[in-house]
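Hello,

Here is the structure I said I would pass on. My notes on it follow below.

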Amino acid sequence: MKTSAFSLEGALSVSAALKAGRRQVFEVLIDKNKRFDQRLDEVRLRAKQAAVKLKYVPSTEIEEYATGNSHGGVIALAGERQFECINDLLPPDTPAFVAMLDGIEDPYNFGFALRALYAAGADGLVLRERNWTSASAIVGRSSAGASEMMPIALVESALEAANFFRQRGLVVATAAKSSTSLSLFEAELTRPVFVVFGGERRGVTRSFQRGADLLLEIPYGRPFGQSLGTVSAVAILAYEVMRQRRHAGRGAGA
């Protein structure tokens, strides 16, 4: 079996990696039974544009690298993902929307949350140095390739990131229910904002909540004493940021 630092699985993940250029792609393997499958035309085009070797191989060779059954007959052998400098996450001429996923324990949830942030137009993502991006096959599939496209920077802690962005004029926010929380729909989210999302179990620490500039509460349509799952909370908040900015004509275009 050949060795590679990482494998990417599925047409979406492979195409995104080739397009983004944030990691070296050594070669792309396609099941020889899918040689004429038009759904893989973009993969072939991206590989050609990036001057990456493309090979048609037996399905058994694809299975050697696959971690699941949703690869669709496409695997890329690639190097480590390269990350941005944290300062590069700030857009030059629009109010920043930067997020941090801190402490998510499931790689699928991590990928789903990352997908929501990317789709909603977040400018960048901050992660601790130990994170799920090393699970490239799972995260690539669950994020539909957004893990390759999203600008990502690494930090040692949420506090370090918060201090950095606050010094650059961003409001530091997190989702939390307390006596000082503000409804998500009443908060002014067209201004530059850095939002920290906690994991499924522990959430964001109380000490970070006390130091945040803004605590956001997601209102419910009926009495319900439980919190939403991380992925749902990320998607709701990210799309409210997008909605407010489009309404104000200040954010990403349609």
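**The parallel sheet**

Strand β5 and strand β10 (residues 193–198) run parallel and are joined by six bridges. Strands here, like helices, are DSSP runs numbered from the N terminus, with at least two residues (E) for a strand and at least four (H or I) for a helix. Two strands are said to pair if DSSP finds at least two bridges between them. Within this pairing, A99 lies opposite V195 of β10.

Before going further: this is a predicted model, in which local features need pLDDT of at least 70 and side-chain atom pairs count only at pLDDT 80 or more, while totals for chains, interfaces and linings use all residues. Residues are numbered from 1 along each chain as its sequence is written, and side-chain values use heavy atoms, with hydrogens and water left out.

β5 and β10 belong to an open sheet of seven strands with parallel pairing, in the order β7-β6-β5-β10-β8-β11-β9. The edges are β7 (152–155) and β9 (182–183); each has a single partner strand, so one side of each is left without a neighbour in the sheet.

Strand β8 (residues 171–175) is largely enclosed by the rest of the structure, because four of its five residues are buried. Buried means under 20% relative accessible area, exposed means over 50%, and partly exposed is in between (1.4 Å probe, protein chains only). On one pairing, β8 runs parallel to β10 over four bridges, with T174 having V196 as its bridge partner in β10. β8 also pairs with β11 in the parallel sense, over three bridges, and there A175 stands opposite L216.

A162 is in helix α7 (residues 158–167) and is buried, at 2% relative accessibility. Its C-alpha atom is 9.9 Å from that of D213, although the two residues are 51 apart along the chain.

**The mixed sheet**

What is the strand order in the open sheet of four strands? The order is β1-β4-β2-β3, and the pairing is mixed. β1 (6–9) and β3 are the edge strands, each with a single partner, so each has one side without a neighbour in the sheet. From one strand to the next, the twist averages 25° (axes are lines fitted to C-alpha atoms, for helices over the stretch in contact, and angles run from 0 to 180 degrees between N-to-C directions).

Strand β2 (residues 25–31) pairs with strand β3 (residues 53–57) in the parallel sense, over five bridges. Among the pairs, E27 has K53 as its bridge partner in β3, and D31 stands opposite V57. Together with helix α2 (residues 41–49), these two strands make a right-handed β-α-β unit. Right-handed means that, with the strands pointing away from the viewer, the path from the first strand over the helix to the second runs clockwise.

**Salt bridges**

How many salt bridges does the structure hold? There are nine, a salt bridge being a side-chain nitrogen of Lys or Arg within 4 Å of a carboxyl oxygen of Asp or Glu. Three of them are described here:

- D102 and R128 form a salt bridge, with their closest N and O atoms 2.5 Å apart. The pair links distant parts of the chain, since D102 is in strand β5 (residues 97–102) and R128 is in strand β6 (residues 124–128), 26 residues apart. D102 counts as buried at 14% relative accessibility, whereas R128 is partly exposed at 34%.
- R39 and D37 meet through their side chains at 2.9 Å, N to O. R39 is exposed, at 70% relative accessibility, while D37 is buried, at 15%.
- R243 and E240 form a salt bridge with the closest N and O atoms 2.8 Å apart. They are three residues apart in helix α9, and therefore separated by about one helical turn. R243 is partly exposed, with a relative accessible area of 45%, and E240 is buried, at 5%.

**A surface patch**

Y220, F224, L228 and I236 make a nonpolar surface patch of about 320 Å². Patches are made of residues with over 30% relative accessible area and no salt bridge; like charges are joined within 9 Å and nonpolar side chains (Val, Leu, Ile, Met, Phe, Trp, Tyr) within 5 Å. Accessible areas come from the Shrake-Rupley method with a 1.4 Å probe, and for residues only the protein chains shown count as cover. L228 lies in the loop between β11 (214–217) and α9 (230–248) and is partly exposed, at 33% relative accessibility.

Regards
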